[in-house]
Structure formats: structure tokens, C-alpha cells
Amino acid sequence: MPTASEVARTEAHRWLDLAGNWMAERARDIWELRPPTEKHVVVFFDPRADLQKRTERWSHDLTGLDLSSLALFAAGLAEAESVGWASDARDVATRAYEDRRFLLSDRVLHWAVPWLGAVEREFRTHQDTARTDREFMLQLAEEMRLAPEIEGTEGLILDGHDSLGPTAAHSNLDLWTSSLWSGDLVLNEHRSPVERYEEAAERWDAMASTYPGSAQLWRDLSRRAVGTVALVRV
């Protein structure tokens, strides 16, 4: 049975693989449509200040805000955990694990999984890689229990918010539907808006049932998609 150090090192290598897969040089066609960054996927939120605080604690130079750069940071944290366990520096190992867990839950999972899902659906040339990397993150979320579904959010989430952020639709409908906060993300797809969001709601509900460790995120996206259906039907 692998040791904790070996498990963390294996994860570090997996993050490095993922980082290489989505560099601009490797996926230029997708980058030109929708770069893999939280800012470009969510649209209404810029994570720069938050990420700077997280990386400063480890003296890590974040080369960008894209998925590859965040994966490199996650790989560094996993390697730090591995070394910590191997050298009996338990405080370092535990801190590296917790910081990686919060990085994945707060700054990666909620937008990177939908982005990879859109790539998988819309780009045959990247389909297998996107599916593999999406599954890797979803399985990590299962192991870490990053966002299990909760009954009742009173006192846990601000009014007018869900696990993703503010729920009120932007007054500019085109801008709203360009954001993942509307309940779906597309890169290069042409369908009727109603069909798009109805299908998205079903997809998120299915994902929530399959991956209970991150179900709250996908249930909230489903609810957002249902809400957007009403908007685009007007």
C-alpha cells in the first residue's frame, strides 16, 4: 500500500501532466475562444488578489491565472506535502494538503470542470484529454469532499448567493449568458438558448448524483440554468 508521501507525489505528477495539457501552446484553438481562467469563464469575478495571497505563503511565483498555472501551483503543494511526510515534517505536509484542498475548492473546481466539459463536448481533438483531466479533478473532489450537498443554507451562505456567488442575473442578458454563472458554458456551439440551458440543467443534476463530494456546485449550476431558461424564453 502506498505511503502518504507516495500518494502526494503521484498527485503532483498528475497535476504536472494536466498543466502541460492546457498551456496556450498546446491548446491555442481553445484559448482563442475562451481562455481557461476563472475571469474568462465566470466573467464577473477576478481571482487575482486572492491567488496572490495564497501563493505568497509558499513563495510561489504564479506565472498566470490560467488552469496550467494553477495546476503547477497545485503540483508544487502536492510535492511539498510529499517531502513533508517523507521528512517527518508533519506540519508542512498538513499545511500543503490543506492549502491545496482550498485552492481546488475555491479557485479551480467550480469553473475548470465546466470548462473541460465544454472542451470535451465541442472539440474532438481534445476530447479524451479533457475527459481524463475533468475526471481527475472530480475524483479529487470526492476524496477531499470539497462541496457536498447541504440541506438548507441559512447562516452558511449569504442571502442572494449560492456556492458559486451572487445569483441575480446581470441586466445585460448577452453578458449573463456568456458567464458560467448563467448555468452553462459553451465555447463554440450553436443551439437555441432554451435547449442549451435545459440540457445543462439535466447534465449538472446528473453530475451531482454521480459525484456527491462536489454535488453542491453542480446542483447550484442546475438551478441557475433553470432560472436562465425563464430569462431567454422572454
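**Exercise 1.** Which helix gives the most residues to the lining of the second largest pocket?

*Solution.* The model is predicted.

Step 1. Start with the volume: the second largest pocket holds about 220 Å³ of space.

Step 2. List the residues at its centre. The lining has 13 residues, and Val7, Glu11, Arg100, Leu140 and Glu143 lie closest to the centre of this pocket.

Step 3. Find the contributing elements. Two or more lining residues come from each of helix H1 (4-21), H6 and helix H7 (127-144).

Step 4. Rank them. With six residues, H1 gives the most to the lining of the second largest pocket.

**Exercise 2.** Divide the lining of the second largest pocket by residue class.

*Solution.* The lining of this pocket has seven nonpolar residues, five charged residues and one polar residue.

**Exercise 3.** Describe the largest pocket by volume, central residues and contributing helices.

*Solution.*

Step 1. The space in the largest pocket comes to about 260 Å³.

Step 2. Its lining has 14 residues, and those closest to the centre are Ser105, Asp106, His110, Ser163 and Leu164.

Step 3. At least two lining residues are supplied by helix H3 (38-42), and at least two by helix H6 (90-122).

Step 4. H6 gives the most to the lining of the largest pocket, namely five residues.

**Exercise 4.** How many residues of the lining of the largest pocket are nonpolar, polar and charged?

*Solution.* Eight residues of this lining are nonpolar, three are polar and three are charged.

Conventions. Residues are numbered from 1 along each chain as its sequence is written. This is a predicted model: local features need pLDDT of at least 70, side-chain atom pairs count only at pLDDT 80 or more; totals for chains, interfaces and linings use all residues. Side-chain values use heavy atoms; hydrogens and water are left out. On a 1 Å grid over the protein atoms alone, a cavity is a set of points where a 1.4 Å probe fits but cannot get out, and a pocket is an open set with protein on both sides within 12 Å along at least five of seven lines; lining residues have an atom within 4 Å of a point. Grid points are joined across faces, edges and corners, and a volume is the space filled by probe spheres set on the points. Helices (H or I, at least four residues) and strands (E, at least two) are DSSP runs, numbered from the N terminus. Ala, Val, Leu, Ile, Met, Phe, Trp, Tyr, Cys and Pro count as nonpolar, Asp, Glu, Lys and Arg as charged, and the others, Gly among them, as polar.
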